[in-house]
Amino acid sequence: MSHSATTKMTGLLLRQLGPRFFSTSTTLGSAMSETSKFSRPLGMEWVRIRNFNTSSAWGAGEKEEKVAPPPSSAAGKIEVGGGEKGIVSYWGVSPPKFTKGDGSPWMWSCFRPWETYKADVTIDVKKHHEPSNFMDKFAYWTVQVLKYPTYLFFQKRHMCHAMLLETVAAVPGMVGGMVLHCKSLRRFEQSGGWIKALLEEAENERMHLMTFCEIANPLWYERALVFAVQGVFFNAYFMAYLASPKLAHRIVGYLEEEAVNSYTEFLNDLEKGNVENVPAPAIAIDYWQLPPESTLRDVITVIRADEAHHRDLNHFASDIQCQGHELREYPAPVGYH
């Protein structure tokens, strides 16, 4: 193994063990000498690591000095406390810098410019899957029973209701994608694109939540409710997906139908003036490629369209399996949201 490869492996190991390893001496050699005072490696004091190179500088105490990475280093730079520190991305490549169409810097790390899109707001938001068998009826009435407590709790507080809804709606895609991922590994077979589709659904729902967080701040008891509801729902849905994926997808299909209905009520109250139509947050404008003058009404409209696409995707997934087929036999829709 080459010297540079050994150096990188050593640096990565040190990074995993913490930002302060060994002692707070100023050089690597003196830091190593301090470790002899301890009987266990993990008993060593911490030291700040500047760069993953044997010629890197080591910090002393709380005062940190600015150390430039070597020219061959793949580290980027980030401003911290008026100085610069070397940073390394997950892949060991300097994080690229993106700009918008107008030349301004891209400010979001949670999604990239190529992950943005224009929502298809022409989708039928009134579409409903009629329950035709026992499984469908069970899924439908399960959702109906679950929705009433939330409606009683939130009533006309649409923003807080939407935030709770999104913390739950982002769970099924992640659970389904995880189960299909493990299934693909066990069977040594492709997934037909469904793993990526379900994980994209989960990410899309999470972006809905990130958008609402820019507009409203949930109260402490609402945050506590999220912990309780998400904890119960995650485990319940995980067990349901293991037992019957077609039932799990049908439940999500009906959940998304209720989400569409909730956002329709939200839009109605916005039009009536019962909810202030504030300007759209910057994250929503960039994510959905909205005009700069967009408002909350425009944001709710595109979010409702997303939920309608999730509705159709999950009903489609359930229909496939109800016919005795596996999801991988029918490639997942591309760019469904």
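Is Tyr-221 buried, exposed or partly exposed? In this predicted model, Tyr-221 comes out as partly exposed, with a relative accessible area of 32%. The close-ups below start elsewhere and come back to that residue.

**View 1. Helix H6 and its neighbours.** H6 runs over residues 220–243, 24 of them, and spans 35 Å from first C-alpha to last, close to the 34 Å expected at 1.5 Å a residue. Its buried residues are Glu-222, Val-226, Phe-233, Tyr-237 and Tyr-241. In an α-helix there are 3.6 residues a turn, so residues three or four places apart point the same way. The buried set of H6 packs against four helices: H3 (134–154), H4 (158–187), H5 (194–213) and H7 (245–272).

**View 2. Asn-204 on helix H5.** Asn-204 sits in H5 and is buried, because its relative accessible area is 0%. Its side chain makes a polar contact of 2.8 Å with the side chain of Tyr-117.

**View 3. Aromatic pairs.** Searching the whole structure turns up 14 aromatic pairs. Take Trp-106 and Phe-111: they meet edge-to-face, 5.4 Å centre to centre with 85° between the planes, and both are buried. Then look at Trp-220 and Tyr-221, whose ring centres are 5.8 Å apart with planes at 90°, so this pair is edge-to-face. Here Trp-220 counts as exposed, at 69% relative accessibility, while Tyr-221 is the partly exposed partner at 32%.

**View 4. A ring cluster.** Ring pairs tie Trp-106, Trp-108, Phe-111, Tyr-117, Tyr-287 and Trp-288 into a cluster. Tyr-117 is also the polar-contact partner of Asn-204.

**View 5. A lysine over a ring.** Lys-147 lies over the face of Tyr-148, 5.2 Å from the ring centre.

Key:
Residues numbered from 1 in each chain as written. Predicted model: local features only at pLDDT ≥ 70, side-chain atom pairs only at ≥ 80, totals over all residues. Heavy atoms only, no water. Helix = DSSP H or I, 4+ residues; strand = E, 2+ residues; numbered from the N terminus. Expected span 1.5 Å × (residues − 1). Buried < 20%, exposed > 50% of the residue type's maximum accessible area, 1.4 Å probe, protein only. Contact = heavy atoms within 4.5 Å. Polar contact = N/O pair within 3.5 Å; in protein donor to acceptor, adjacent residues only side chain to side chain. Phe/Tyr/Trp six-rings, centres within 6.5 Å; stacked < 30°, edge-to-face > 60°. Lys NZ or Arg CZ within 6 Å of the ring centre and 35° of its normal.
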